[in-house]
Amino acid sequence: TGVQTCALPIFYNNKGISSETLQLYKAGFSMSGRMNGRFVFPIFDENGKVIGISGRHLLWNSNSNFPKWKHIGKKSNWIYPINLQLVNNIFKKTIEEKNEIILVEGIGDSLALSQQGYYNHLVVFGLEISSKQLSFLMSLSLNKIIISTNNDFNKSDNRGLQAAIKMFLKLIKYID
């Protein structure tokens, strides 16, 4: 349907993300449709059904008149990358082994962590944690939750820091 698995991985390879990591994410390049020109990442539910797609435009720059990232589907229902349908789900396995999870803003953060061997993370797709993501976290036996939003220190409005504080205040209502 216009998506080629791991076609054009050079964009991410140049950012230090290996083709093996991209294959783990079942990523590919879309050559048509609503995600045309984007490197796409399928989003699965806990039953293996595709419930969304997230895509990063490969030609985006700060002067572009289109968004860097585009999401199709209801982001608030996404438990990513944990619900990737893998034979030995390294994401679930690592979370269970470490009893800790790292919360990150986006797929780029997730790829960087996985590339370095940190598979125990959850992408919140923005600056807020959804109720489905919160419920997922509450279902785990976690000793630690690390909130790792982007540090926008060089901007007048440090949205990453503000988001981290909001997430912390939301989490402590439900998780010790």
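**A three-stranded sheet, helix 3 and an aromatic cluster**

In this predicted model, three strands form an open sheet in the order 7-6-8, and their pairing is parallel. Strand 7 (121-123) and strand 8 (144-148) are the edge strands, each of them pairing on one side only, and the twist from one strand to the next averages 20°. Strand 6, which spans residues 100-104, pairs with strand 8 in the parallel sense over five bridges; within this pairing, Leu103 has Ile147 of strand 8 as its bridge partner. Helix 6 (residues 159-171) packs on the sheet, where it touches strand 6 and strand 8, and the direction of helix 6 makes an angle of about 155° with that of strand 8.

Helix 3 (residues 90-98) has Phe91, Thr94 and Ile95 as its buried residues. When the helix is viewed down its axis, these buried residues fall within an arc of 100°, and they therefore line one face of helix 3. The exposed residues Glu96 and Glu97 are carried on the face that is turned away from this buried side. The packing partners of the buried residues of helix 3 are helix 2 (19-24), strand 6, helix 4 and strand 7, so that two strands of the sheet order 7-6-8 are included among these partners. At the N-terminal end, helix 3 is capped by Asn89, a side-chain oxygen of which lies 2.9 Å from the backbone nitrogen of Phe91. Just after the helix, Asn99 takes a positive phi of about 55°.

Phe91 also takes part in the aromatic pairing of the model, for which the count comes to eleven pairs. The ring centres of Phe91 and Tyr119 lie 5.8 Å apart with their planes at 75°, and because planes over 60 degrees apart count as edge-to-face, the pair is assigned to that class. The two residues are 28 residues apart and belong to distant parts of the chain, with Phe91 in helix 3 and Tyr119 in the loop between helix 4 (107-115) and strand 7. Both Phe91 and Tyr119 are buried. Ring pairs further link these two residues into a cluster with Phe11, Tyr12, Tyr25, Phe39, Phe41, Trp69, Trp78, Tyr80 and Phe125. Phe91 is thus a member of the aromatic cluster, one of the buried residues of helix 3, and the residue whose backbone nitrogen is contacted by the capping Asn89.

Conventions:
Residues are numbered from 1 along each chain as its sequence is written. This is a predicted model: local features need pLDDT of at least 70, side-chain atom pairs count only at pLDDT 80 or more; totals for chains, interfaces and linings use all residues. Side-chain values use heavy atoms; hydrogens and water are left out. Two strands pair if DSSP finds at least two bridges between them. Helices (H or I, at least four residues) and strands (E, at least two) are DSSP runs, numbered from the N terminus. Axes are lines fitted to C-alpha atoms, for helices over the stretch in contact, and angles run from 0 to 180 degrees between N-to-C directions. Contact means heavy atoms within 4.5 Å. Rings of Phe, Tyr and Trp (its six-membered ring) pair if their centres lie within 6.5 Å; planes under 30 degrees apart count as stacked, over 60 as edge-to-face and the rest as tilted. Buried means under 20% relative accessible area, exposed over 50%, partly exposed in between (1.4 Å probe, protein chains only). The arc is that of the directions from the helix axis to the C-beta atoms. A polar contact is a pair of N or O atoms within 3.5 Å; within protein, one must be able to donate a hydrogen and the other to accept it, and residues adjacent in sequence count only if both atoms are side-chain atoms.
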